[in-house]
Amino acid sequence: MGTKRMLLVAMMVGLLLCTPLMAQGQRETGGTGPVDIELWYGAAITEAGPPPEDWVGFQIIKDKLGINLKLTALPSNEADQDVKISAAAAADNLPDLFMVRREVWLRLVNQGMLAPVDDLYAKMPVRTPLQYDTDSIGFTTIDGVSYGLASPGSIARNEGVLIRKDWLDKLGLKIPVTLDDYMQVMKAFTFNDPDGNGKNDTYGYGAFIEINNFEEGLGRRMDPFFGAFGVAGTWNMTKADFGLNVRKDRYYDAMAFIKRMVDDGVIDPNWLAYKKDDFRAAWKQGRFGIMREQNAAFAATSNYAPFDKNFPDGEWIVADPPKGPEGKQSVGVYTSQYRVYAISDRATAEKKDAIARLLDWMSSKEGYYLLGWGVEGVNYTLKEGIPIAAGVPDAEYAFTGPKGQPYTQLRNMVFYNGEVELTSRYPTYITATSGKEMSALRVLVDMQSRPWTAAIASDTLPPPSTDLKRFYEQGVTEFITGRRALNKANWDAWVAEFDKLGGKAWEEEARSVAVANGLLR
Amino acid sequence: MKSPVVGISATDKVFYLLVNTVLVFLFIVIAIPLWSTITLSFRPNSFIGTNFEGMFLAPWDWSNAAYKALMGNNGFIMAFFNSIKIMVYGVASALFLTVPLAYALSIRTLPGRVFLIVIILIPHMFDVGMIPSFLMVKDLGLIDKLAAVYLPTAVSTYNCLIMKGFFEGIPDELKESARIDGASEFTLLIRIILPLSKPIVMSVGLFYAVSFWNDFFHPMLYLNSNNLMPLPILLRNILMASGMNEFVEVSAFGEAPIQAIKAASVFLAAIPMVIAYPFIQRYFAKGTLLGSVKG
Amino acid sequence: MDASVSVPSSGKSLVRRIQRHRAIYVLLVIPITYFIIFKYIPIWNGQIAFKNFMPRQGVLGSAWIGFANFVEFFDSFYFWELLRNTVMYSVGKLLISIPLSIMLAIMLYECRITVLRKTVQTLAYLPHFLSWVIMYGILLGLLAPGDGLLNDIAKAFGGRGIDYLTNVQAFPWVVLLSDAWKEMGWGAIIFIAALMAIDPTLFEAAIVEGATAWQRVRYITLPSILPVIIMVVLLRLGTILSGGFNQLYMLYSPSVYSVGDIIDTWVFRGLQEGKFALATAVGLFKGLMGLLLLSFSNRMTRKVSGSSLY
């Protein structure tokens, strides 16, 4: 017998161990018949699972459209999404249809990896009028060719300045209007125990650093203060005064005001260290009295409930952002947020047609309701034409319930911020603890009516280099924390260095792009 | 000269006092943040206060909403089993490859030994990164297959060299007496070396198991099918969602605060390791080597 | 027959030795094949570091640009800072975490109170399983300027709080100490295994000779695990420019970029810009540095203590 033979057998077994375990994913069909389409989508609800294999949508898509749909959920973290897509691109292995962020998308266009889609708009008679207007097509057009399908993303101007009304009332204060008013109120909130619990544990303003490609520096949560000086957002998109806001004189004044907030201690000291979830937990625990928050994150049932339970008498109201010395005020900048879906250059003409069929069906009445809410009678019922979660036999399968949510993971592909959606997603409800009537839709309308600064397409301007981006963010934070003394001389010196590192060149590059595309108003 | 049997000397008393004090201190330093995280995972939505205050929350006020929400999650069970699969096949492949390699390299008289050691050291240090590896995996046709997750990292030079070091420590007399008795190299490896090396094989197996269990990067990169996704992907989606275009009106987690979810998810992910380690510990028995040489 | 004979170098006995060891070579076939496929093909693909990599053109088809990618890295405004930070954290962790792990292992080995020993041993390795996402939350609870535990205590004594996570002086210590806390127990595992392998008769003999516990540790325990210590240190030195990414990515923020940005985090941000060739070039650079450092230290340790990695 011999151990040698035994060992050889063991080695064979070992090798064989590997092969069957190269377990395939979902079954693939080949040859003629249904077209295989691979779709990488951004999940609507990051923590719920993907649509189950027995989802009726797969069958309908196969029977009606002749498509075998293979779904892959992109990671919910944006950096991870970029990495996954970039890696696939590098290996020339992009899927047929995939959601992609603009920076990555732009690079893929430059590398010739994406298919032109101009011919597809006409092939989607239902979807195009709903989702693709001239701005949308312009968003994905490079040198006259459109390389992506830009669907509407989150609705614009859906954030606002919120103030604790009950604190104002308790301290006998009026709603602040000017910057000085705001400073007074913030001080009162910090030092005069507005929640009346005898402890010195409240602050005036709460925020965290939330940066994206058109809201640089200290991020969007601090923009109401920058807006008071007319320098909200990264770019000033007016014809008269185009440029990087950070290079404008008024930016220094805004920084000085925020520095005063920090020095006087009226801003929650954790703000630089918070991530989004920490910030949200903090306002639900009554740490601060003024903030800039999104309508649904504030007012939707599950988000407001913890605050309601802790502070049944607590009440937030939407207020106008602070008015600066020249009478300017703005919650911040807004642009049309788009979600871009790109098609790999490797997709055959047959596949492109199939994709057009698929997307068009998704926007049809059948697809819209199926992807957006599920099956009528199982996941939702209709009340005056609006889908609601009540009235279904098993509440867990309602589209808001744990078992129902996976069925709506693709809804970002069909929602376009229409009436039905908004009313359904933001219903009016009575809070559990305090019995108040709340409606995220009402809050949204209120927030949209406040002063905002238009910066349309500012997110299509060229991005800065990694080093320049870091220099910008690091610099402003260092001035705020006091690591660099904030005075005019230092600030000007820093801006000069910024220019030298490429800041001026960045602005010029953006100017030429903006002018070429007619983006300045 | 002091007899070892009668009492311990004063310096020794100090020594043991120091040892015990330091261990108690370490216990406190390690336990407190762990306890803080445990209480965090059981925190009810209604709790207001700092993490510190949270540590003293009475157990009857605890809420298991976070754990219920996670385990009731559709994908959770499937992800859990995918992770188990990856870990088991991964550890099997890893040990299958690492043990012979380490053993072969431990033989001092092997011609070309240094050359081979250098061969395995080079990739360890020249970590060429994600794209070259991705290109290779794609060319092998392993994209979207479980093997892509565990095969590329199946041999860690670190673990291999540690094992080699232990094999080198096995006295040559043992090997010689076995060879004299007519044993072949394979028999030697399996019947004698391996049983003696239980501590190190178990340790290395544990290291591999943990790295496979916690790996999110390779599954994220190479897997597309939803039914293959292991646990770390699910958890990372929960823990690190950026959600710039979020529709946050409904959370899948209902009652539990998000920090509790995060803390609970970390504990759930750690459970298999936490259970496995005490078992592995038993193999770290003192004097295994001694017994075989004497006997 | 004495197997540990010094190897003769003449050709005939070389062939004989290969013959003698042929079973070993058979053992090596599969692992080495694995290495060639899974480790060396990527290295071959790594030539994109010297190219302007275009996915459509593939590895071979993309154009050579020589060292341009490396130059881009070296020319980065932050290059020296990145290098300094990376080395600072690697060396710092080496100097703090490894001695702590050794110390913990020895303490556990020597501890006579079973309850204490078992409890600490079981507890110590748990923090390793906490991801840095959770660790961030823990650290926030501990170190937050507004209401973190440490600052609460400091304020109770009339002092001012320190913003540990956003203060450039404090931040490196936060990084080093939190890593030590997290990895000390796990790192001790390998040393515990090494300690278990020490021949107990050595200790018995020492006790008979009248050695104190201190002397026992100094003259027997430590020297016995010295080869393992050296191996661990050397291996970590080889990857001195890597590691720390997960931790720093979670912990850092713009206020501490100057001390928190390391090579890997910088490259990661560049990856989002699609700079694959750059990332690969940086990987090669790191490897080269590590190789130099490793061979240097390997030679040094062989001189000093007789054992080395190779």
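**Exercise 1.** List the buried residues of helix α1 of chain B in this predicted model.

*Solution.* A residue counts as buried if 20 or more other C-beta atoms lie within 10 Å of its own. By that test, the buried residues of α1(B) are B:V19, B:L23, B:L26, B:I30, B:P33, B:T37, B:T39, B:L40 and B:S41. To read such a list, recall that an α-helix has 3.6 residues a turn, so residues three or four places apart point the same way.

**Exercise 2.** Check the length of α1(B) against the span expected at 1.5 Å a residue, and find where the helix bends.

*Solution.* Helix α1 of chain B covers residues 10-41, which is 32 residues. The expected span is 1.5 Å times one less than the number of residues, and this gives 46 Å. The end C-alpha atoms of the helix are 46 Å apart, so the two values agree. The bend is at B:A31 and amounts to about 25 degrees. A proline, B:P33, follows within four residues; B:P33 is also among the buried residues of α1(B).

**Exercise 3.** Describe the contact between chain B and chain C, and say which element of chain B gives the most to it.

*Solution.* First, count residues: chain B supplies 86 and chain C supplies 86. Next, look at elements: α1(B) gives the most to the side of chain B that touches chain C, with 18 residues. Last, sort that side by class: 59 residues are nonpolar, 17 polar and 10 charged.

**Exercise 4.** Locate the domains of chain C and describe their contact.

*Solution.* The domain assignment places domain 1 at 11-66 and domain 2 at 78-305. Their centres, taken over C-alpha atoms, are 32 Å apart. The contact involves 6 residues of domain 1 and 5 residues of domain 2. On the domain 1 side, 3 are nonpolar, 2 polar and 1 charged.

Conventions. Residues numbered from 1 in each chain as written. Chains lettered and ligands numbered in written order. Predicted model: local features only at pLDDT ≥ 70, side-chain atom pairs only at ≥ 80, totals over all residues. Domains from an automatic or database assignment. Contact = placed C-beta atoms within 7 Å. Nonpolar A, V, L, I, M, F, W, Y, C, P; charged D, E, K, R; others polar. Helix = DSSP H or I, 4+ residues; strand = E, 2+ residues; numbered from the N terminus. Bend = angle between axes of the 7 residues up to and from the residue. Buried ≥ 20, exposed ≤ 12 C-beta atoms within 10 Å, placed from the backbone.
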